[in-house]
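Visitor: Please take me in close on one part, the shell around the ligand. Keep it brisk, and show me what lies behind it.

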Amino acid sequence: MEHQGTKPLQTERLLLRRFTPADADAMYNNWAKEEQVARYLTWLPHRSVEVTKTLLKDWCSFYSQPNYYNWVMEYKGIPIGNVSAVHVNERSHWVELGYCMGPTYWNRGLMTEAVRAVIDFFFQEVKIHRVCISHATPNAASGRVAQKCGLSYEGTQREAFRSLNGEYWDIANYAILRSQWETH
Ligand SMILES: CC(C)(COP(=O)(O)OP(=O)(O)OC[C@H]1O[C@@H](n2cnc3c(N)ncnc32)[C@H](O)[C@@H]1OP(=O)(O)O)[C@@H](O)C(=O)NCCC(=O)NCCS
């Protein structure tokens, strides 16, 4: 792999860039405080903008690491969500992506557009071998994003995810290999 760090990526409608501490208000208001955003994720909705500020301070400090990838999605100048590499496997050359976005912007193809750009970046520039995405099965929209980005379904882990309200959910796994991406 040839790590590049979080480099800016431009798509048709989005700018993907590094977070700055100045994004805290927009991140809190547009997605981090929203229960429906966090529902299938591992974190609780932020109770105040102070939580967002503290998190962003950490995230911004991680940008000095060349294998840290975390983009804020900017749409018409407004931060609306993020895409990140939640796991980077140095030994076997794969990354797992995670993403979320404010409900106001759902179902316009924006996350698919962002994730496609990130996948291209990982294959083209970081020389990765494999990109994967996992989601709780009730979260069908996330699976659609994976499919629309060319990832193949690889199977389901039964009740592998404990939700914040204590329910166990199945996890569906998707991935795209370099060979698939090259012919995609
Ligand atoms: C999942 C998420 C990122 C999708 O973003 P998005 O920009 O709306 O995604 P897109 O518009 O690119 O694609 C969404 C697809 O899901 C479909 N979809 C939406 N809700 C659905 C549902 N309840 N059941 C089935 N499909 C659904 C849409 O119709 C669309 O598919 P289509 O283009 O074939 O019609 C967004 O809903 C989100 O941020 N959710 C909260 C955080 C989250 O769950 N992140 C993923 C964790 S694994």
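Guide: Start with one cut-off. A residue is buried if 20 or more other C-beta atoms lie within 10 Å of its own, exposed if 12 or fewer, and partly exposed in between. The model is predicted.

Now the ligand. It is surrounded by 21 residues. Met111, Thr112, Ala140, Ala141 and Arg144 are the closest. Three elements each give two or more residues to this shell: strand S5 (94-101), helix H4 (110-124) and helix H5 (140-148). By type, the shell holds 12 nonpolar residues, seven polar ones and two charged ones. H5 gives the most, with five residues. That makes H5 the part to look at.

Look at the buried side of H5. Ser142, Val145 and Ala146 are buried there. Viewed down the helix axis, the buried residues of H5 fall within an arc of 100°, so they line one face. The spacing has a general basis. An α-helix has 3.6 residues a turn, so residues three or four places apart point the same way. What do the buried residues of H5 pack against? They pack against H4, strand S6 (130-136) and strand S8 (168-177). The face turned away from this buried side carries Ala140 and Ala141, which are exposed. Those two residues are also among the closest to the ligand. Just after H5 comes Gly150, with a positive phi of about 90°.

Next, S6, one of the partners of H5. Seven of its seven residues are buried, so S6 is largely enclosed by the rest of the structure. Both of its faces are covered. Arg130, Cys132, Ser134 and Ala136 lie on one side. Val131, Ile133 and His135 lie on the other. S6 runs parallel to S5, and three bridges join the two strands. One pairing to find: Glu96 has Cys132 of S6 as its bridge partner. S5 is also one of the elements that supply the ligand shell.

Step back along the chain from S5. The loop between strand S4 (78-89) and S5 holds His93. His93 has a positive phi of about 60°, yet it is not a glycine. Most residues other than glycine have a negative phi. How buried or exposed is His93? It has 15 other C-beta atoms within 10 Å, so it is partly exposed.

Glu159 is another residue to check. It sits in strand S7 (residues 152-162). Glu159 is not a glycine either, and its phi is positive, about 45°. With 11 other C-beta atoms within 10 Å, Glu159 is exposed.

Now H4, which also packs against the buried residues of H5. The largest nonpolar core has 45 residues. Its largest share, eight residues, comes from H4. Within this core, Met73 and Val115 touch the most other members. Leave aside the neighbours of Met73 within four places in sequence. Its contacts are then Leu14, Leu16, Ile80, Gly81, Asn82, Val83, Met101 and Ala114.

Finish with a reference point: Glu182, in helix H6 (residues 178-183). Only its count matters here: 8 C-beta neighbours inside 10 Å, so Glu182 is exposed. How far is Glu182 from Arg144? Their C-alpha atoms are separated by 21 Å, and the two residues are 38 residues apart along the chain. Arg144, recall, is among the closest to the ligand.

Technical notes. Residues are numbered from 1 along each chain as its sequence is written. This is a predicted model: local features need pLDDT of at least 70, side-chain atom pairs count only at pLDDT 80 or more; totals for chains, interfaces and linings use all residues. A residue is near a molecule or strand if its C-beta atom, placed from the backbone, lies within 6 Å of it. Helices (H or I, at least four residues) and strands (E, at least two) are DSSP runs, numbered from the N terminus. Ala, Val, Leu, Ile, Met, Phe, Trp, Tyr, Cys and Pro count as nonpolar, Asp, Glu, Lys and Arg as charged, and the others, Gly among them, as polar. The arc is that of the directions from the helix axis to the C-beta atoms. Two residues are in contact if their C-beta atoms, placed from the backbone, lie within 7 Å. A nonpolar core is a set of buried Ala, Val, Leu, Ile, Met, Phe, Trp, Tyr and Cys residues joined through C-beta atoms within 7 Å. Two strands pair if DSSP finds at least two bridges between them.
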